[in-house]
Structures are given as structure tokens and as C-alpha cells.
Amino acid sequence: GPRLDALMDGLSASTPRGMGKGAVWHLTDRAELDGVLRGGSRYAVERGFGVERDLTRCEDYGAVDDANPHEVSERAVERGARQVGSLGSGNHFLEVQAVEEVYDDRVAAAFGLRRGQLCVMIHCGSRGLGHQICTDYVRGMEKVMARYGIQVPDRQLACAPVSSHEGRAYLGAMAAAANYARANRQLLTDAARRVFAQQTGRNLDLVYDISHNLAKIEDHEVGGTRRSLCVHRKGATRALPPGHEDLPADLRDVGQPVLIPGSMGTGSYVLTGVPGSPAFASTCHGAGRVQSRKQAVKAERGSDPRRQLEAQDIAVRGASRRGLAEEMPAAYKDITAVIESAEGAGLCRKVARLVPIGVVKG
């Protein structure tokens, strides 16, 4: 109704998206950007964008410690400076959702979720900065692979040993990008909170902020001994089990919230980590594509993706026709089947299912 329209208009207006079309922060000062790269959400909260509790509900309490801004190129810094607090494009979104089903009341209550509640899910990353870091390091690692006797089938897989100079530099730059992404989401969260308070008089509490596409040094058990591993979660996300020491006190008994969005216009799930996961406390991060973006656009030719979503009572803001066509449900696997297989494989457990009411796209 009109209330949802006002809410969606507000969210649309307060969520910068496109390619350098403005963001919440324009950082002119390199020291400020360094603050973001080192401090992530902590830096944003210190600057008044959010509350202290947000940090306890964020992976690594808001920032990966071993970030090294010195390993981030000038070009990446330039691209990052004008995009902090913007959504970006592709599969990134801000969605208003309703909790349709709760599978575990105790865990849902600990997360702060209940049936019928309105939620906001934000999916975005480190924008042009992360993209540039990837480009820089793929190029750099391609040059040194032969030296380490490494061959890969695809240049996108270019790599170097974790302990090498190049490997260490990349870990430092990647951690900086992860922190940038967290600050980015923190700013978008703060903006969404203000709109919600204004339009509904209600506050938004953070369920969890979790990274995907990140490699981290962690201790895990391998063949009966604890070892330090570099865990790559590409298209994947962390899922800590109940009792894990990295969880805040209020989540320790229930495990870490895991957020898995479906494709646009279908349901999303909140899950929790389970003990004894065979995948180093990881699970998938989304439904996963069955069609490339190009195929999806071709398949949607002649149809009106915006109208299809609005026919399901989902309000859409700010997406190009092509952007919507690329992300339509037909381009993705069925999220319910994906969740069933992840649960069946002992990677996670369902807590709640959410359905979209409104979407803001890049």
C-alpha cells in the first residue's frame, strides 16, 4: 500500500547505487580511506554510522585485523574513494522482506527474528576497489606462477603460495577490501535505519553482517590435528557452529546466523552453523546461477521483468530492464533445493525463510 510505497521511495532515495553516481561518503583524504580499509565497520560506527551492538553482530567484530592498505594500488584507492556507502550493480540489492516461516523458534528468537516481522537484507561488496585489487593481483600472480611451478587452466585462477611475498601482499589487500565492504554495508544499514525510523517509527536491529568471497587464515581440525589453514570461501560464506569461541555471548548457544539470498523475487533463508561441518565451517552464499547474464537477458527478451515482480506484489526501485533480466529467478537454481542440499550435507540448519516485499537494485 501507500506506506510501503513511501518506505521504498525513501530507501531508494537514501541508497546510492550506480557507477560512481555518488555515495554516502566522498573520501578526499587518504587517511580517512585508510581508516575504512583498516577499521571496516568499527571505523563507520566510530564516525556515528551505527551503534556498538552492530559490531558484536558482525564477522570479526567489524574488521579483519591483518588488513594492509599499503598493498592496495593507487588505482584501487581512487576507485574506492568515491563509492563508500553505495550498493553497486549486478546481483547486489537491498530488499525489504517479511519473515514468512520460522523453523526453530529458540534460535530465531536469539537472532532477533519472529514470524511476520519486516526485515531488510543488503547484499553488496567492496565495489570498484575490490574489483581493481582482484585485477591487479591476478596480473601480478600470473607473472610469478612459473617461479613456483604452478600451472592453472584459467587465468582467473592465478595464484601464489600463501607464505610467498605475493601471497602475503594479496592477503593484506584482500582483508582491506573486506573491511571496505563492511564499512560500505554499515553505511547502507545506517541509511536504511533512518528511513525505517522515519516511515514506520521502528528501529532496525542487525541480525548479522557476514562476508563472502573471502580467504581467511583459520585453525581447523584436519585428520585429528589442529592446523592453520587458508580457507577460501568463494561463492561461500562462514557458518560457525554453536559453542565457537569467535561468536558473541548472545549467539554462542545457537551458532552464527548465515544469510542466503535466493534470486530476486524468490525467498531468502537465514540459517545457522552446525557442529562437525565437513567444509571448515562454510556453506554456500546464494542460489547459484544456471544461466549466464547474457543467456538470462536473451531468455527474458520480449517480457517485462519489472511487471512480473510487481504482479507478485513486490515493489521495485531503480533497476534497468537489463539489470532485472540478468537477475530473474529463471537464471538461478531453486533456492529451496539448494538449502535442502546444504542442510543434507551437514553444512547448516534452517532457522527462517523470508519473502521479498520490495527490492532496490543497482
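# Walking through the helices and sheets around α7

In helix α6, the buried residues are Arg 127, Gly 128, Leu 129, Gly 130, Gln 132, Ile 133, Tyr 137, Val 138, Met 141 and Val 144. Keep in mind as you look around that this is a predicted model. An α-helix has 3.6 residues a turn, so residues three or four places apart point the same way. With that in mind, try following Ile 133, Tyr 137, Met 141 and Val 144 along the buried set of α6. What do the buried residues of α6 pack against? Their partners are α2 (30-46), α4 (74-81) and α7 (165-200).

The length of α6 can be checked too. The helix covers residues 127-144, and its 18 residues at 1.5 Å each should span 26 Å; the C-alpha atoms at its ends lie 27 Å apart, which agrees.

From here, α7 is a good guide to the rest of the helices. Two packed helices are described by the angle between their axes and the distance between the axes. For α6 and α7, the axes come within 9 Å and cross at roughly 170 degrees. The two helices are therefore roughly antiparallel, since angles over 145 degrees count as such. On the α6 side, the contact is made by Arg 127, Leu 129, Gly 130, Ile 133, Tyr 137, Met 141 and Val 144. From α7 come Glu 166, Gly 167, Ala 169, Tyr 170, Ala 173, Ala 177, Tyr 180 and Asn 184.

Next comes α2, whose axis is 7 Å from that of α7, at an angle of about 40 degrees. The pair is therefore oblique, and the crossing is left-handed. Here α2 contributes Leu 33, Val 36, Leu 37, Arg 38, Gly 39, Gly 40, Ser 41, Ala 44 and Val 45. Facing them in α7 are Ala 175, Ala 176, Asn 179, Tyr 180, Arg 182, Ala 183, Gln 186 and Leu 187. Notice Tyr 180 of α7, which takes part in the contact with α2 and also in the contact with α6.

Helix α1 (residues 2-14) is another neighbour: its axis and that of α7 come within 9 Å and cross at roughly 155 degrees. That angle makes α1 roughly antiparallel to α7, and the crossing is right-handed. In this contact, Arg 3, Ala 6, Leu 7, Gly 10, Leu 11 and Ser 14 of α1 meet Ala 191, Ala 192, Val 195, Phe 196, Gln 199 and Thr 200 of α7. For its 13 residues, α1 should span 18 Å at 1.5 Å a residue, and its end C-alpha atoms are indeed 18 Å apart. Within α1, Leu 7, Met 8, Gly 10, Leu 11 and Ser 12 are buried. Their cover includes α7 as well as β1 (93-102), β8 (315-317) and β9 (348-361).

That brings us to β9. Of its 14 residues, 10 are buried, so the strand is largely enclosed by the rest of the structure. Which way does β9 run relative to β1, parallel or antiparallel? The two are antiparallel and joined by nine bridges, with Val 102 opposite Ala 352 in β9. Strand β6 (residues 268-273) also pairs with β9 in the antiparallel sense, over six bridges, and Ser 268 stands opposite Leu 354. With β8 the pairing is parallel, through three bridges, and here Arg 317 stands opposite Val 360 of β9.

Elsewhere, three strands make up an open, antiparallel sheet in the order β3-β4-β7. At its edges stand β3 (212-222) and β7 (282-284), each with a single partner strand, so one side of each has no neighbour in the sheet. On average, neighbouring strands here are turned by 20 degrees against each other, direction ignored. Between β3 and β4 (residues 225-238) there are 10 antiparallel bridges, and Ala 215 has His 232 of β4 as its bridge partner. Our guide helix returns at this point: α7 packs on the sheet, touching β3 and β4, and its direction makes about 115 degrees with that of β3.

A last stop is Arg 57, in the loop between α3 (52-56) and α4. Is Arg 57 buried or exposed? Its relative accessibility is 2%, so Arg 57 counts as buried. Leaving aside residues up to four places away in sequence, Arg 57 touches Ala 110, Phe 111, Leu 206, Val 207, Tyr 208, Asp 209, Asp 250 and Leu 251.

Methods
Residues are numbered from 1 along each chain as its sequence is written. This is a predicted model: local features need pLDDT of at least 70, side-chain atom pairs count only at pLDDT 80 or more; totals for chains, interfaces and linings use all residues. Side-chain values use heavy atoms; hydrogens and water are left out. Helices (H or I, at least four residues) and strands (E, at least two) are DSSP runs, numbered from the N terminus. The expected span of a helix is 1.5 Å times one less than its number of residues. Buried means under 20% relative accessible area, exposed over 50%, partly exposed in between (1.4 Å probe, protein chains only). Contact means heavy atoms within 4.5 Å. Two strands pair if DSSP finds at least two bridges between them. Axes are lines fitted to C-alpha atoms, for helices over the stretch in contact, and angles run from 0 to 180 degrees between N-to-C directions. Angles under 35 degrees count as roughly parallel, over 145 as roughly antiparallel, 65 to 115 as roughly perpendicular and the rest as oblique. A crossing is left-handed if the near helix is turned anticlockwise from the far one by less than a right angle, and right-handed if clockwise.
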